[in-house]
Amino acid sequence: MRFIYRFLIRPVVFRLLPEVSHRFAVDSFRLRPVWRLFGLFARSSDGDQRTVLSGIEVRNPVGIAAGFDKNCEVLGSLLDIGFGYVVGGTVTLDARQGTPKPRMIRRSKEGALINALGFPGRGLAPARKQLARLSPVVSARTLISISGTEEDSIRECLVALEPLVAGVEVNISSPNTAGLAVFQEPVRLRQLIEMLSAAKSKPLFVKMPRLTDSGAFIELIQAAHEGGADGFVTANTLPIAHQGLAVGKGGLSGKPLLESTLELVEQARKHLGNGPTVIGCGGISNAEDARAVMDAGADAVQLYTALVFEGPGIASSISRGLRATR
Ligand SMILES: Cc1cc2nc3c(=O)[nH]c(=O)nc-3n(C[C@H](O)[C@H](O)[C@H](O)COP(=O)(O)O)c2cc1C
C-alpha cells in the first residue's frame, strides 16, 4: 500500500496546493465503508496492543495528532485505518478564519510541512454536534483538542465537549495564534490547568510547545503537573520564519523534528517519573522512530505529517512494527 501511495497517489495529490489536498484527504475519509474495508486488510496483523493512557484504554499507542481533523468530521475512518486513538480539533469557542493565505508549505525532500493556519475552524457548537454523533466505540478512543486565548473560553470548550469524548487535550502551543503564548508563562499555565482540573471529570493532557530552552520546558511541565494535568503531548510544531507564508512565519512539522522530540520526551519523563502519561509527537514517520520515542520514555505517540507523506497505511504499519519490537 505504501508503494502505491508513494508512487501513484502522492505525485498526483502533491500537484494540488497543500490546503486543497488536505481538504481532498478529509473528504475522501468521509467514505467510511471504503476505509473499513481498507482497515480489514491493513490492520489484519496489528495484533493486541492495548495501551492505557491516564485511564483511557486505546487499541494501540499510535494516535493521529490534533489538526488533521479540525472539525471532527472523519474520526471514525481514522480509527478504521489503524490509529489506536484519535485527536479531533483544535476547537475554539468561536469560528475562526485563521491567518491569510498562503499559510501552508510542503518541503517534500525533507518530509516536512510548514503551516501557519492559525486555527481555522467552525467553532464550538458545530464541533459539539459532530462529536455527539460519534458511536460509543469511537468516542471512547477520541481526545478533543481545545484552545483559546482566555481561560473562560477554554473552560467553556472543556465543559461542552468533555462529556462526548474520552479525554481533553489543551493546546497552549500553536505558534500561529496570537495571544496563545500567554499560557507559556508558568504561573498563568498553572492557573489555567487548576481551573480546568476543577471542571473536568476525565483525563486532561497538555500539548506542550517545542521549546529549545530545556529549563523553561521543565518549568512549564512542572507548572501544569502541579495544576493537575494527567498527561503531556510533547510537542507541537517548531516556530520558524518563512517568506513564502503570508504572515512570514509558521510551525515546522515532520521528519526534522524527531531529534528534538526524543530529547523533550526524555526530559519530560525524567522530570515526571513514572506517574503522568507522556505522549511523543513530532517527526515520527516509521516504526523505528516510534520505538525510539517510546524507549525515550513515551507511553504512546502521535503523528500528522507522516500521514501526508506516507499515506493511509502508516498507522497500521507503525503499530505492526512496534509490536514486532516490543
Ligand atoms: C497542517 C497542520 C495543522 C496543525 N494543526 C494543529 C492544531 O490545530 N492543534 C494542535 O495542537 N496541533 C496542530 N498541529 C501540530 C500537530 O498536531 C503536531 O504536533 C505536529 O505536526 C508535529 O507532529 P508531526 O511531525 O507528526 O506532524 C498541526 C500540524 C500541521 C502540519
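Which residue takes a positive phi just after α11? The tour returns to that point at its last stop, once the whole chain and its pockets have been seen.

**Before selecting anything.** This is a predicted model, in which local features need pLDDT of at least 70 and side-chain atom pairs count only at pLDDT 80 or more, while totals for chains, interfaces and linings use all residues. Residues are numbered from 1 along each chain as its sequence is written, and side-chain values use heavy atoms, with hydrogens and water left out.

**The whole protein.** Show the cartoon, where the secondary structure comes to 13 helices and 14 strands; helices (H or I, at least four residues) and strands (E, at least two) are DSSP runs, numbered from the N terminus. Of the 326 residues, 58% count as buried, a word that stands for under 20% relative accessible area, with a 1.4 Å probe and protein chains only.

**The largest pocket.** Select Glu-19, His-22, Arg-23, Arg-103 and Pro-120, which among the 21 lining residues lie nearest the centre of the largest pocket. A pocket is found on a 1 Å grid over the protein atoms alone, as an open set of points where a 1.4 Å probe fits, with protein on both sides within 12 Å along at least five of seven lines, and lining residues have an atom within 4 Å of a point. Helix α2 (residues 18-28) gives the most to this lining, with 6 residues.

**The second largest pocket.** Next select Tyr-5, Val-13, Ser-21, Phe-24 and Ala-25, which lie nearest the centre of the second largest pocket, itself lined by 22 residues. The elements that give two or more residues to its lining are α1 (2-13), α2, β5 (104-107) and α12 (305-310), and α2 gives the most, with 6 residues.

**Helix α11.** Finally, select residues 287-295, which form helix α11, and colour Ala-287, Asp-289, Ala-290, Arg-291, Val-293 and Met-294, since these residues are buried. Showing the surroundings brings in what covers them, including α10 (258-272), β13 (277-281), β14 (300-303) and α13 (314-324). At the start of α11, display Asn-286 as sticks and find its side-chain oxygen, which reaches to within 3.1 Å of the backbone nitrogen of Glu-288. Then move to the other end, where the opening question is settled: just after α11, Gly-297 takes a positive phi of about 130°.

Key: Buried < 20%, exposed > 50% of the residue type's maximum accessible area, 1.4 Å probe, protein only. Contact = heavy atoms within 4.5 Å. Polar contact = N/O pair within 3.5 Å; in protein donor to acceptor, adjacent residues only side chain to side chain.
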